[in-house]
Amino acid sequence: MLRNYSGFLTIRVLELKTCILIDDDLVKDFLKSSCPLLEDLSLVNCMTSTITVFCISCPKLKNLRIDNQKVLDCKELGDDIDMCDNLEIFCPKLVFLELSGHVAYNFLFENLVSLKKAEIHPEFKLQRELPSESMDTIVCALFYEISNVELLSTSLFYDHKCINLEDLPKSLPNLKTLEITTIADAFNMDVLIQILTRSPNLESLHLIIEKDPPCSSSLTEASSLDFWEMECPFDYIFERLKMVKMTCISGVPHEMGFIKFLLGSSPILETMSISPSGNITDGRSTFSIELPRLRRASPKAEIIFVQK
C-alpha cells in the first residue's frame with residue numbers, strides 16, 4: 001500500500017499496479033505537486049474506493065491510462081473492492097486518455113484541450129446501482145470535454161431515461177476515427193447517429209454490436225422500427241467517410257436500417273467490411289443476399305464479408 005512518499009521532482013514516467021490508494025490528501029498531492037514533470041501515468045488494477053474525489057491534476061501530463069478491467073480478480077486487494085465516487089481529470093497537455101473497467105461512479109473532465117485520442121470503456125457493476133442521472137452526467141462530461149479528439153473509442157449502452165440527446169455537444173469537429181460498441185435498438189442507434197452527424201470530418205467508423213449488453217432489459221424499451229422511417233436523417237451527407245467496419249452483425253432490422261443509412265449517405269465511401277455474428281454462417285443467407293442490393297451513394301463502395 002502507498003502510505004508515505006517524499007516526492008519525485010524529476011520523474012516523467014510512472015506505473016502503479018495492484019495498489020490500494022487510501023488517503024485523499026496524499027493521493028491528490030502525489031499526483032500534483034510531488035510529480036511536477038510527470039508526463040506518462042499508468043494505474044493498473046488500483047483500488048480507490050476509500051477516496052471520495054480522486055483528482056488527477058498534472059500540468060505536464062501527456063498520457064493517462066487507468067485500466068481496472070481485472071481489478072475484481074486481484075486477490076491482493078482483498079474482498080471489499082469498489083470504485084471511488086468521483087474521478088476528476090484536469091490536465092491541459094493531455095494527449096492520450098484511456099479509462100477502462102471499474103474506475104469511478106462519476107466523472108469530471110476539464111481543460112483537456114490538447115486531447116487527441118481517447119479510449120473510454122467504463123464498467124459500473126460493483127457495490128451499487130448507477131443512477132440514471134449519473135449516466136447522463138458521464139455522457140455529457142465525456143463528449144463536451146473531449147470534443148476536440150481525433151480518435152475516440154467508447155461504449156454506448158443507454159436507456160432513453162439516462163440521457164437527453166439535446167445535451168450532446170453540437171459538434172465534434174476534429175473527430176476522424178470512431179470506434180463504438182453498442183446494441184442494435186432504436187434509442188442507441190439514434191444516439192450513435194446523433195454523434196455521427198455531429199462529426200463532419202469523420203473518415204473511419206468501426207461499429208461493434210454487443211449481443212449481451214449490461215442492463216439489457218432496460219435497453220429494449222425504445223426499440224420501435226418506426227425510427228428509420230420517421231426520424232433517421234437520410235438526407236445527411238458524410239462528406240469524408242471512407243471506411244466502415246462492422247463487427248458481430250446478424251442482420252436484424254435496426255442493423256440493416258443503419259447500414260442502409262450509411263451506404264446511402266456516404267458519397268466517397270470505399271469499403272464497408274462486415275463480420276457476421278456467430279449465428280450467421282450460411283453465405284447464401286437472406287442477410288448476405290439483401291445487402292449488395294442496397295443503394296450506394298458512392299460508386300466505389302465495396303461491401304466485404306469477413307467470415308471467421
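**Contacts, helices and a cavity in a predicted chain**

The side chains of glutamate 179 and histidine 206 are joined by a polar contact of 3.2 Å. A polar contact here is a pair of N or O atoms within 3.5 Å; within protein, one must be able to donate a hydrogen and the other to accept it, and residues adjacent in sequence count only if both atoms are side-chain atoms. The model is predicted, so local features need pLDDT of at least 70 and side-chain atom pairs count only at pLDDT 80 or more, while totals for chains, interfaces and linings use all residues. Residues are numbered from 1 along each chain as its sequence is written, and side-chain values use heavy atoms, with hydrogens and water left out.

Glutamate 179 itself sits in strand β10 (residues 177–182). Helices (H or I, at least four residues) and strands (E, at least two) are DSSP runs, numbered from the N terminus. With a relative accessibility of 28%, glutamate 179 counts as partly exposed; buried means under 20% relative accessible area, exposed over 50%, and partly exposed in between (1.4 Å probe, protein chains only). Leaving aside residues up to four places away in sequence, glutamate 179 touches Leu152, Ser153, Thr154, His206 and Ile208, where contact means heavy atoms within 4.5 Å. Between glutamate 179 and methionine 246 there are 9.8 Å in space, C-alpha to C-alpha, and 67 residues in sequence.

One of these partners, Thr154, belongs to strand β9 (residues 151–155). Threonine 154 is buried, at a relative accessible area of 2%, and its side chain reaches the backbone oxygen of isoleucine 120 at 2.8 Å.

Turning to the chain as a whole, the secondary structure comes to six helices and 14 strands. Of its 308 residues, 50% are buried. Among the contacts with a separation of 6 or more, 74% are between residues 24 or more positions apart.

Two of the helices deserve a visit. Helix α3 (residues 186–197) has 12 residues, which should span 16 Å at 1.5 Å a residue, and its end C-alpha atoms are indeed 16 Å apart; the expected span of a helix is 1.5 Å times one less than its number of residues. Because 10 of the 12 residues of α3 are buried, the helix is largely enclosed by the rest of the structure. The buried residues of α3 are Ala186, Phe187, Asn188, Met189, Asp190, Val191, Leu192, Ile193, Ile195 and Leu196. The N-terminal end of α3 is capped by aspartate 185, with a side-chain oxygen 2.9 Å from the backbone nitrogen of asparagine 188.

Helix α5 (residues 253–265) reaches 18 Å from its first C-alpha to its last, close to the 18 Å expected for its 13 residues. α5 is mostly covered, with 11 of its 13 residues buried. Among the buried residues of α5 are His254, Glu255, Phe258, Phe261 and Ser265.

The loop between β2 (40–44) and β3 (53–56) holds methionine 47, and asparagine 45 is found in the loop between β2 and β3 as well. Methionine 47 is buried, at a relative accessible area of 7%, and its C-alpha lies 7.5 Å from that of valine 71, with the two positions 24 residues apart in sequence numbering. Asparagine 45 counts as buried at 11% relative accessibility, and its side chain reaches the backbone nitrogen of lysine 70 at 3.3 Å.

As for internal space, the count comes to one cavity of 30 Å³ or more. On a 1 Å grid over the protein atoms alone, a cavity is a set of points where a 1.4 Å probe fits but cannot get out, and lining residues have an atom within 4 Å of a point. Grid points are joined across faces, edges and corners, and a volume is the space filled by probe spheres set on the points. The volume of the largest cavity is about 50 Å³, and its lining is formed by Leu43, Cys46, Thr48, Phe54, Ile66, Asn68 and Val103. By class, that lining has five nonpolar, two polar and no charged residues; Ala, Val, Leu, Ile, Met, Phe, Trp, Tyr, Cys and Pro count as nonpolar, Asp, Glu, Lys and Arg as charged, and the others, Gly among them, as polar.

Backbone geometry completes the picture. Most residues other than glycine have a negative phi. Asparagine 111, although not a glycine, has a positive phi of about 60 degrees; asparagine 111 lies in the loop between β7 (104–110) and β8 (117–122) and is partly exposed, at 42% relative accessible area. Cysteine 248, also not a glycine, has a positive phi of about 65 degrees. Cysteine 248 is part of strand β12 (residues 243–249) and is buried, with a relative accessible area of 19%.

Terms used:
On a 1 Å grid over the protein atoms alone, a cavity is a set of points where a 1.4 Å probe fits but cannot get out, and a pocket is an open set with protein on both sides within 12 Å along at least five of seven lines; lining residues have an atom within 4 Å of a point.
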